[in-house]
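Got the viewer open? Here's a short tour, one selection at a time.

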Amino acid sequence: MMEWIAALQGARSASQLVQDLLKLRTDAEVQTKVVELNGILLNLQGELNNAQAEYGALMGRVHELEEQIAQFEHWEEEQQRYQLHEFPTGAIAYIIKEEEKGDDPIQYLCSNCYHRRVKSFLQPNYDKAYKRQLQCNSCQAVIVSETRPRPKRRTGVVPSRF
Ligand SMILES: [Zn+2]
């Protein structure tokens, strides 16, 4: 912004100098004013270059913000497709609503990532007879989605050290 103001001031100074030149009578006076005018024009060119660079940076920022707004709006729509789900273990995730699922498999979203506006599916990473875990591949959160009674071990005599 300051570059544009300086450029406008430079243009006004150059215009005034041209008006002054028309009133001069000697070559020395003309030469002095031409040198002064040349300096003003060089400064003006620098200010315009700075203003152009600032304009380019501002347009880049505008583009970034437009993309963020588009992502924000897309997420607002996307998050309407999911609802909070509590597993029997008490662990929380987001699950796709039945009416949104269609023929797709059940999808769970990581609640940590969901609140950061990131859509990240939970994937099974551990499934044993007594425990099932889901993991977020984005934030690495692990939740236990299901537990079953552990298989009973045979009881025996515990060896003693003594
Ligand atoms: Zn996550």
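## Start at the hairpin

Select Gly90 first: this is a predicted model, and in it Gly90 takes a positive phi near 95 degrees, within the hairpin of β1 and β2, where five residues sit between the strands.

Now grow the selection to the two strands themselves. β1 pairs with β2, residues 92-96, in the antiparallel sense, and five bridges hold that pairing. To get your register, pick His85 and look across to β2: the residue standing opposite is Ala93.

Next, add β3. β2 and β3 also run antiparallel, joined by two bridges. Here Tyr94 is the one to click, since it stands opposite Leu109 in β3.

With all of that showing, you have an open sheet of three strands in the order β1-β2-β3, with antiparallel pairing. β1 (82-86) and β3 (108-109) each have a single partner strand, so they stand at the edges and one side of each is left without a neighbour in the sheet.

## Into the core

Which residues make up the largest nonpolar core? Select Ala93, Tyr94, Tyr108, Leu109, Cys110, Tyr114, Leu122, Leu134, Cys136 and Ile143: those are its 10 residues. Colour by strand and you'll find β2, β3 and β5 (131-136) each supplying at least two residues of this core. As a bit of background, nonpolar side chains tend to be buried together in soluble globular proteins.

Stay with Ile143 for a moment. Leaving out residues up to four places away in sequence, Ile143 touches Ala91, Ala93, Gln133 and Leu134.

## Out along the helix

Now select residues 27-79, helix α2. How many of its 53 residues are buried? The count is one, so to speak a helix that is hardly covered.

Try a distance between the end C-alpha atoms of α2: they are 77 Å apart. At 1.5 Å a residue, the 53 residues should span 78 Å, which agrees.

## Zoom out

Finally, colour by domain. The protein chain is divided into domain 1, covering 2-58, and domain 2, covering 78-147. Put a marker at the C-alpha centre of each domain, and the two centres lie 65 Å apart.

Note on methods: Residues are numbered from 1 along each chain as its sequence is written. This is a predicted model: local features need pLDDT of at least 70, side-chain atom pairs count only at pLDDT 80 or more; totals for chains, interfaces and linings use all residues. Domain bounds come from an automatic or database domain assignment. Two strands pair if DSSP finds at least two bridges between them. Helices (H or I, at least four residues) and strands (E, at least two) are DSSP runs, numbered from the N terminus. The expected span of a helix is 1.5 Å times one less than its number of residues. A residue is buried if 20 or more other C-beta atoms lie within 10 Å of its own, exposed if 12 or fewer, and partly exposed in between; C-beta atoms are placed from the backbone. A nonpolar core is a set of buried Ala, Val, Leu, Ile, Met, Phe, Trp, Tyr and Cys residues joined through C-beta atoms within 7 Å. Two residues are in contact if their C-beta atoms, placed from the backbone, lie within 7 Å.
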